Amino acid sequence: MNLPKGDVPQGAQEKVADTTVEEPKYEEPAAEAPRVEEPTVEEPKSSGLNIGFQTIGREKVNATFTKRPLGFSFKLSAPLSVTKVTPGGQADSLGVVPGMEIIDVQGQAICGVDGKCVMETLKAESANLPEA
């Protein structure tokens, strides 16, 4: 039966399709878990060659050499005393003077260590320093 729209026979129930459309719900974007940076292991950057000296007055003086040549000579027998400082060289600019004793290299005490061993240690530790 074709009825004009809107006309419903008496006693008949109007069937209405459920066309309810729900409003879309806005959902907050899921919060991202905080990023955890993986720790990276970096090679320590050389801040120079640290040499501890003892003055004639028994004061400790630390000098950080940042280039080669270091600019001083020392005797290879105990005590390891500076014998010569190159005028205008790096050791001179750091306040190293003849008569000072070398007492540590890179924080490691050298008391009782053979002078030749100390020389080799200084060569090895200064090998990565740039040349002046």
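This passage walks through the confidence, the nonpolar core and a few individual residues of a predicted model.

It helps to begin with how far the model can be trusted. The mean pLDDT of the protein is 81, and 65% of the residues reach a score of at least 70. Residues 41-45 fall below 50 in pLDDT, and in the model this stretch has zero contacts beyond near neighbours in sequence. Where pLDDT is low, predicted coordinates should not be read in detail.

The interior comes next. The largest nonpolar core comprises 20 residues, and Ile51, Phe53, Phe65, Phe72, Val96 and Ile102 are those with the most contacts inside it. Two or more residues each come from the strands β1 (49-54), β2 (60-65), β3 (72-74), β4 (82-85) and β5 (101-105), and from the helix α2 (115-126). The most generous contributor is β1, which supplies three residues. In soluble globular proteins, nonpolar side chains tend to be buried together. Val96 offers a good view of the packing: leaving aside residues up to four places away in sequence, Val96 touches Phe53, Ala63, Phe65, Val82, Val85 and Ala91.

A charged residue also deserves a look. Asp104 sits in strand β5 and is buried, because its relative accessible area of 8% is under the 20% limit. The side chain of Asp104 makes a polar contact with the side chain of Lys60, at 2.8 Å. Apart from residues up to four places away in sequence, the neighbours touched by Asp104 are Asn50, Ile51, Gly52, Lys60, Ala109 and Ile110. Lys60, the partner in the polar contact, is thus also listed among these neighbours.

Gly99 gives another setting, in the loop between α1 (90-93) and β5. With a relative accessibility of 29%, Gly99 counts as partly exposed, because this value lies between the limits of 20% and 50%. Gly99 touches Ile56, Ser81 and Val82, again not counting residues up to four places away in sequence. Val82 is also touched by Val96. The C-alpha atoms of Gly99 and Phe74 are separated by 9.0 Å, with the two residues 25 apart along the chain.

Finally, the cysteines. A disulfide is a covalent bond between the sulfur atoms of two cysteines, and the count of disulfides in this model comes to zero. Cys111 is exposed, because its relative accessibility of 76% is over 50%. Cys117, at 39% relative accessibility, is partly exposed.

Methods
Residues are numbered from 1 along each chain as its sequence is written. This is a predicted model: local features need pLDDT of at least 70, side-chain atom pairs count only at pLDDT 80 or more; totals for chains, interfaces and linings use all residues. Side-chain values use heavy atoms; hydrogens and water are left out. pLDDT is the predictor's confidence in each residue, from 0 to 100. Contact means heavy atoms within 4.5 Å. A disulfide is a pair of cysteine sulfur atoms within 2.5 Å. Buried means under 20% relative accessible area, exposed over 50%, partly exposed in between (1.4 Å probe, protein chains only). A nonpolar core is a set of buried Ala, Val, Leu, Ile, Met, Phe, Trp, Tyr and Cys residues joined through side-chain atoms within 4.5 Å. Helices (H or I, at least four residues) and strands (E, at least two) are DSSP runs, numbered from the N terminus. A polar contact is a pair of N or O atoms within 3.5 Å; within protein, one must be able to donate a hydrogen and the other to accept it, and residues adjacent in sequence count only if both atoms are side-chain atoms.
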